[in-house]
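User: I would like to learn how to read a structure of this kind, one feature at a time. Could you take me through it, giving the general idea before the particular case?

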Amino acid sequence: MQFIINRLKEPSTWRGIVLFAVGVLGVHWSPESQQIVVNAGVGVAGLLGMVLPDAWKK
């Protein structure tokens, strides 16, 4: 459990979660909708990269 908590404190984990969710959500939609989902997901991942610190205090 501590391993999971430690991973959730890393910004790369949150970016990975967003990108994974975008990949899963965009699979069953029309090409136009997929493009919107991908663009939004990449934007959210980029935003997380900007606002989350590289190392959180323990």
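Analyst: Let us begin with the surface, in a model that is predicted. Where nonpolar side chains lie together on the outside, one can ask which element supplies them, and here helix 1 gives the largest share of the nonpolar patch, with four residues.

User: Which residues form this nonpolar patch on the surface, and about how much accessible area do they have together?

Analyst: The patch is made of Met1, Phe3, Ile4, Ile5, Leu8, Trp14 and Ile17, which together have about 700 Å² of accessible area. Two elements give two or more residues to it, namely helix 1, covering residues 2-8, and helix 2, covering residues 11-25.

User: Where do methionine 1 and phenylalanine 3 sit, and how should I read their accessibility?

Analyst: Methionine 1 lies in the segment before helix 1, whereas phenylalanine 3 belongs to helix 1. Residues with a relative accessible area over 50% are called exposed. Methionine 1 is therefore exposed, because its relative accessibility is 73%, and phenylalanine 3 is likewise exposed, because its value is 57%.

User: What should I look for when I turn from nonpolar side chains to charged ones?

Analyst: The general idea is that side chains of opposite charge can pair when their charged atoms come close. In this structure, a search of the whole model finds one salt bridge, and arginine 7 forms it with glutamate 10, with 3.0 Å between the closest N and O atoms.

User: Are arginine 7 and glutamate 10 buried or exposed?

Analyst: Neither label fits, because the values fall in between: arginine 7 is partly exposed, with a relative accessible area of 29%, and glutamate 10 is partly exposed as well, at 28%.

User: How many helices and strands does the protein have, and how do the elements follow one another?

Analyst: The protein has three helices and zero strands, so that, read from the N terminus, its elements run α-α-α. The radius of gyration is 14 Å, well over the 10 Å that the globule rule gives for 58 residues, and the protein is therefore more spread out than a compact globule. Along the principal axes, the C-alpha trace spans about 45 × 25 × 5 Å.

User: What portion of the residues counts as buried, and what supplies the area that the protein exposes?

Analyst: Of the 58 residues, 17% count as buried, while the protein exposes about 4,600 Å², with carbon and sulfur atoms supplying 70% of that area.

User: Which residues make up the largest nonpolar core, and how many are there?

Analyst: The largest nonpolar core has six residues, which are Val18, Val22, Val37, Ala45, Leu48 and Leu52. Helix 2 and helix 3 are the elements that give two or more residues to this core, and helix 3 gives the most, with three.

User: How can I use distances between C-alpha atoms to see how parts of the chain are placed?

Analyst: One sets the separation along the sequence beside the separation in space, and a few pairs will show how this is done. Glycine 49 lies in helix 3, which covers residues 31-51, and its C-alpha atom is 7.2 Å from that of arginine 15, although the two residues are 34 apart in sequence. Glycine 46 is also in helix 3, and its C-alpha atom is separated by 19 Å from that of arginine 7, which is 39 residues away along the chain. Phenylalanine 3 and glycine 43 are 40 residues apart in sequence and 28 Å apart in space, C-alpha to C-alpha.

User: How accessible are glycine 49 and glycine 46?

Analyst: Glycine 49 counts as partly exposed, because its relative accessibility is 33%, and glycine 46 is partly exposed too, with a relative accessible area of 36%.

User: Which element has the lowest mean pLDDT and which the highest, and how should I read such values?

Analyst: The general caution is that where pLDDT is low, the predicted coordinates should not be read in detail. For this protein the mean pLDDT is 82, and 91% of the residues reach 70 or more. Among the elements, helix 2 has the lowest mean pLDDT, at 83, and helix 1 the highest, at 88.

Key: Residues are numbered from 1 along each chain as its sequence is written. This is a predicted model: local features need pLDDT of at least 70, side-chain atom pairs count only at pLDDT 80 or more; totals for chains, interfaces and linings use all residues. Side-chain values use heavy atoms; hydrogens and water are left out. Patches are made of residues with over 30% relative accessible area and no salt bridge: like charges are joined within 9 Å, nonpolar side chains (Val, Leu, Ile, Met, Phe, Trp, Tyr) within 5 Å. Accessible areas come from the Shrake-Rupley method with a 1.4 Å probe; for residues, only the protein chains shown count as cover. A salt bridge is a side-chain nitrogen of Lys or Arg within 4 Å of a carboxyl oxygen of Asp or Glu. Buried means under 20% relative accessible area, exposed over 50%, partly exposed in between (1.4 Å probe, protein chains only). pLDDT is the predictor's confidence in each residue, from 0 to 100. The radius of gyration is taken over C-alpha atoms; the globule rule is 2.2 Å times the number of residues to the power 0.38. A nonpolar core is a set of buried Ala, Val, Leu, Ile, Met, Phe, Trp, Tyr and Cys residues joined through side-chain atoms within 4.5 Å.
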